[in-house]
Amino acid sequence: MSKITLNDLSHSYLDKQNSDSDWALRNINLDWQDGGAYALLGPSGCGKTTLLNIVSGLLNPTKGKVLFDGKDITSQTPVERNIAQIFQFPVIYDTMTVYENLAFPLKNRGMSDGEIDLRVKEIAEMLELTKTLNNRASGLTADGKQKISLGRGLARSKVNVIMFDEPLTVIDPHLKWVLRSKLKELHQKINRTMIYVTHDQTEALTFADQVVVMHEGQVVQTGTPVELFEKPKHTFVGHFIGSPGMNIIPCKLDNGNAAIDGVKVSVSSQIKKSNFSKTEIGIRPEFVSFSEEGIPV
């Protein structure tokens with residue numbers, strides 16, 4: 001396993017870049033600690049999968065470096081990086097049994113039959129695949145096939161990072177909840193670095209210890225689920241996190257406090273300077289209450 005560092009990373013699919021919109025990723029600087037559970041969260045097109053593919057070695061960044069434990073591996077192949085990646089749609093071998101699918105990456109790495117058998121059965125039990133080990137993979141449902149895909153990524157005991165690119169897209173809602181809980185449980189058991197890409201805030205906030213929120217190719221905030229909900233540092237984070245999202249209301253500053261239509265609203269820390277072109281206050285619907293006297297609280 002490795003600490004992963006992204007150093008001033010930018011990427012464009014165009015030969016020439018004339019504006020910010022020409023970049024899929026801009027100025028990404030991140031540190032992912034060894035053994036952590038992380039999520040890349042944001043809407044479609046914000047650069048999540050591009051960033052994941054750069055970390056895995058499927059893409060070379062236009063600018064910047066990728067480091068594992070301080071070593072520059074930007075030019076290394078996916079095999080040299082020793083990563084496992086689970087994709088959005090299950091990739092399986094239909095002609096093989098479930099057992100053979102799970103064993104395939106281990107056989108390719110020269111493990112003994114005894115080690116393979118022990119590891120396959122351990123992963124099958126974790127993912128509740130034990131009863132189907134001798135079944136042909138072609139006859140399984142979509143969620144069963146995705147479990148195999150997850151299992152192949154988890155089967156290797158020594159990888160630097162396991163990456164998930166929206167792995168629950170094809171899963172029905174109830175099973176999504178089950179598999180999310182299972183992945184969290186697996187992370188706690190095996191203690192490997194995991195990076196989970198999703199546009200679904202529920203998936204990100206329930207799986208990850210640290211969530212990276214992306215918008216238009218940039219990281220707008222990194223934090224715990226509680227920090228993102230209670231202390232968003234960007235209006236996009238306030239809108240995107242929470243259901244419904246945060247209300248953003250224009251306001252003025254009055255002696256360090258916010259004022260909406262002349263009514264003061266107390267804030268946790270006073271703002272000393274007012275040299276802003278625009279000021280707004282964010283209010284979570286969950287935190288709104290009414291006083292019996294009709295006086296704002």
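Leaving aside residues up to four places away in sequence, Ile162 touches Ala84, Ile86, Gly153, Leu154, Ile190, Arg192, Thr193, Met194 and Ile195. The model in which these contacts appear is a predicted one, and Ile162 offers a way into its interior. The largest nonpolar core has 46 residues, and Ile162 is named with Ile148, Phe164 and Val211 as the residues that touch the most other members. A second core, separate from that one, has 25 residues, among them Leu9, Val66, Ile83 and Met214. In soluble globular proteins, nonpolar side chains tend to be buried together.

From the cores we can turn to the strands. Six strands form an open sheet with mixed pairing, and their order across the sheet is S6-S7-S8-S3-S9-S10. Strand S6, residues 83–86, and strand S10, residues 218–223, stand at the edges, and because each has a single partner strand, one side of each is left without a neighbour in the sheet. On average, neighbouring strands of this sheet are turned by 15° against each other when direction is ignored. Strands of a sheet pair through backbone hydrogen bonds, in either a parallel or an antiparallel way. Strand S9, which covers residues 210–215, runs antiparallel to S10 and is joined to S10 by five bridges. Val211, already met as a member of the largest core, has Gly223 in S10 as its bridge partner.

Helices pack on this sheet as well. Helix H5, residues 142–155, touches S6, strand S7 (161–165) and strand S8 (194–198), and the direction of H5 makes about 170° with that of S6. Helix H6, residues 173–190, packs on the sheet too, touching strand S3 (37–41), S7 and S8, with a direction that makes about 165° with that of S8.

H6 can be followed further. This helix has 18 residues and reaches 26 Å from its first C-alpha to its last, which is close to the 26 Å expected at 1.5 Å a residue. Its buried residues include Leu175, Leu179, Leu183, Leu186 and Ile190, but also Lys176, Arg180, Lys182, Lys184 and His187. The buried residues of H6 pack against S3, helix H4 (113–126), H5, S7, S8 and helix H7 (201–207). After H6 comes Asn191, whose phi is positive, near 55°.

What, finally, does a search of the whole structure find in the way of disulfides? The search finds zero disulfides. Cys46 is nevertheless buried, with a relative accessible area of 2%, and Cys251 also counts as buried, at 11% relative accessibility, because buried here means under 20%.

Terms used:
Residues numbered from 1 in each chain as written. Predicted model: local features only at pLDDT ≥ 70, side-chain atom pairs only at ≥ 80, totals over all residues. Heavy atoms only, no water. Disulfide = S-S within 2.5 Å. Buried < 20%, exposed > 50% of the residue type's maximum accessible area, 1.4 Å probe, protein only. Core = buried A, V, L, I, M, F, W, Y, C linked by side-chain atoms within 4.5 Å. Contact = heavy atoms within 4.5 Å. Pairing = 2+ DSSP bridges. Helix = DSSP H or I, 4+ residues; strand = E, 2+ residues; numbered from the N terminus. Axes fitted to C-alpha atoms, helices over the stretch in contact; angles between N-to-C directions. Expected span 1.5 Å × (residues − 1).
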